[in-house]
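Me: Could you take a close look at one part of this model for me, beginning with a single methionine and its surroundings? After that, just keep going through the helices, strands and charged pairs.

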Amino acid sequence: MPATRHLPTSESEDLIALTREIAAKELAPHVADAERTGTFPRAVFTTLGRAGLLTLPYPEEFGGGDQPYEIYLQVLEEIGAAWASVGVGVSVHALSCFPLFAFGTDEQRTRWLTGMLSGERLGAYCLSEAHAGSDPAAMRARAVRDGDSYVLNGAKAWTTHGGEADFYTVMARTSQEKSRGISCFHVPADTPGLEFDEPEDKMGLMGSTTATVRLVDARVPADHLIGQEGQGLAIALAGLDAGRLGIAAVATGLAQGALDTAVAYAMEREAFGKAIIDHQGLAFVLADMAAAVESARATYLSAARLKDAGRPYGREASVAKLVATDNAMKVTTDAVQVLGGAGYTRDFPVERFMREAKVMQIFEGTNQIQRLVISRHLARQPTR
């Protein structure tokens, strides 16, 4: 059954209802085939954009929905419950727009942001490298000033929408200073020298294209620099807190979908003369799954409300990402167990849910990094 939500306005209730309708009509009928064949669902992002769901947390003046994060994340959860690849894609697109919105000039925002938020243009976020994942300050991709341009060289790994996006938000080194030598660039997809490897052959999220982006003497005008030279790592880290909340919401949706499937199966499957949900041993597994989903939702909403209030929320974002993705892994694994042998086949979606949950413990900062972030916050300001 769909998550029960306490929403602050009738407008937010309408947004959730619209999302559920689109999920049922535009996502659910296509997810199984697309995930099986590894087909990227570009048209779905256009549909979400035209419905106003793609970039809800941005201001209306740029074409956004002007919604608080508390609402945006619940919409994202509904999308993730229907199709995790699309939920991840929406979160990544919002993240790719963040540097321009938060650090770009008025002229840059006027020129690019409205199109980015319309759903007609899809973004990608290029931070990680093969040797620089958890430690982005170790990146080697370079951007060298050449007259009124920058020339970019290097490779950015694990890029969601790599080869599919219309623009790439790229972090590259402009000096040898480790943490203050990185800058942020807006790189259109048609930039000469922007190349893409074959997509990664992943365990899950097959409908989400992930590829290495290669920059081979890729030249962009100097006014494609976002913020100041050397500000790129600070820009990246500022965006990651919000990105972690996005993944927490998608993971919660994925877990909700697994729970719904498991409950429906347990009510229909019989053993020893009664539905298996009436056997206490299995019923308690389902109860623990429900508790995990509810607690994950509570953690991301708590962090979102801090963000909406303009208060620091970095620690809470890491808690939400850690709790929601670890819980999603446990809930989806338990869903396979509830379905027994049927859960291990591709006749049911729970085996896919389990494969999709694993990567959520890894991207947007591994859960080991989240524990490091949380512990450092505790060392600076212990909680009571």
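Reply: Let's begin with M354, which counts as partly exposed at 30% relative accessibility; buried means under 20% relative accessible area, exposed over 50% and partly exposed in between, with a 1.4 Å probe and protein chains only. Bear in mind that this is a predicted model, where local features need pLDDT of at least 70, side-chain atom pairs count only at pLDDT 80 or more, and totals for chains, interfaces and linings use all residues. Residues are numbered from 1 along each chain as its sequence is written, and side-chain values use heavy atoms, with hydrogens and water left out.

M354 sits in helix 9 (residues 350-360); helices (H or I, at least four residues) and strands (E, at least two) are DSSP runs, numbered from the N terminus. Setting aside residues up to four places away in sequence, M354 touches M329, T332, T333 and V336, where contact means heavy atoms within 4.5 Å. A258 is 96 residues away from M354 in sequence, yet their C-alpha atoms are 8.6 Å apart in space.

Now for S318, in helix 8 (residues 314-339). S318 is buried, with a relative accessible area of 0%. Not counting neighbours within four places in sequence, S318 is in contact with R244, Q370, V373 and I374. With Q370 there's also a side-chain to side-chain polar contact at 2.8 Å; that term covers a pair of N or O atoms within 3.5 Å, and within protein one must be able to donate a hydrogen and the other to accept it, while residues adjacent in sequence count only if both atoms are side-chain atoms.

On to the charged pairs. The whole structure holds 23 salt bridges, each being a side-chain nitrogen of Lys or Arg within 4 Å of a carboxyl oxygen of Asp or Glu. One of them joins D146 and R219, whose closest N and O atoms are 3.0 Å apart. D146 lies in strand 2 (residues 142-146) and R219 in strand 7 (residues 210-221), so this pair ties together parts that are 73 residues apart in sequence. Both ends are partly exposed: D146 at 39% and R219 at 42%.

The strands around that pair are worth tracing. Strand 2 runs antiparallel to strand 3 (residues 149-160), with five bridges between them; two strands pair if DSSP finds at least two bridges between them. R145 has Y150 as its bridge partner in strand 3. Two residues lie between the strands of this hairpin, where G147 takes a positive phi near 65°. Strand 3 is also joined to strand 7 by nine bridges, again antiparallel, and here V151 stands opposite R219. So where does R219 fit in? It faces V151 across the strand pair and forms the salt bridge with D146.

Another salt bridge links R297 and E294, at 3.5 Å from N to O. These two are three residues apart in helix 7 (residues 280-308), so about one helical turn separates them. In general, an α-helix has 3.6 residues a turn, so residues three or four places apart point the same way. R297 is buried at 4%, whereas E294 is partly exposed at 48%. Shared salt-bridge partners join R5, R20, E77, E78, E294 and R297 into one network.

Strand 4 (residues 167-173) is a good place to look inside: seven of its seven residues are buried, so the strand is largely enclosed by the rest of the structure. F167, T169, M171 and R173 point one way and Y168, V170 and A172 the other. Strand 1 (residues 123-126) pairs with strand 4 in the parallel sense over four bridges, with G123 opposite F167. Strand 5 (residues 182-188) runs antiparallel to strand 4 over seven bridges, and there F167 stands opposite P188.

Last stop, helix 4 (residues 84-103). Of its 20 residues, 17 are buried, so helix 4 is largely enclosed by the rest of the structure too. At 1.5 Å a residue helix 4 should span 28 Å, which agrees with the 29 Å between its end C-alpha atoms; the expected span is 1.5 Å times one less than the number of residues. There's a kink of about 30° at C97, shortly before the proline P99, the bend being the angle between axes fitted to the seven residues ending there and the seven starting there.
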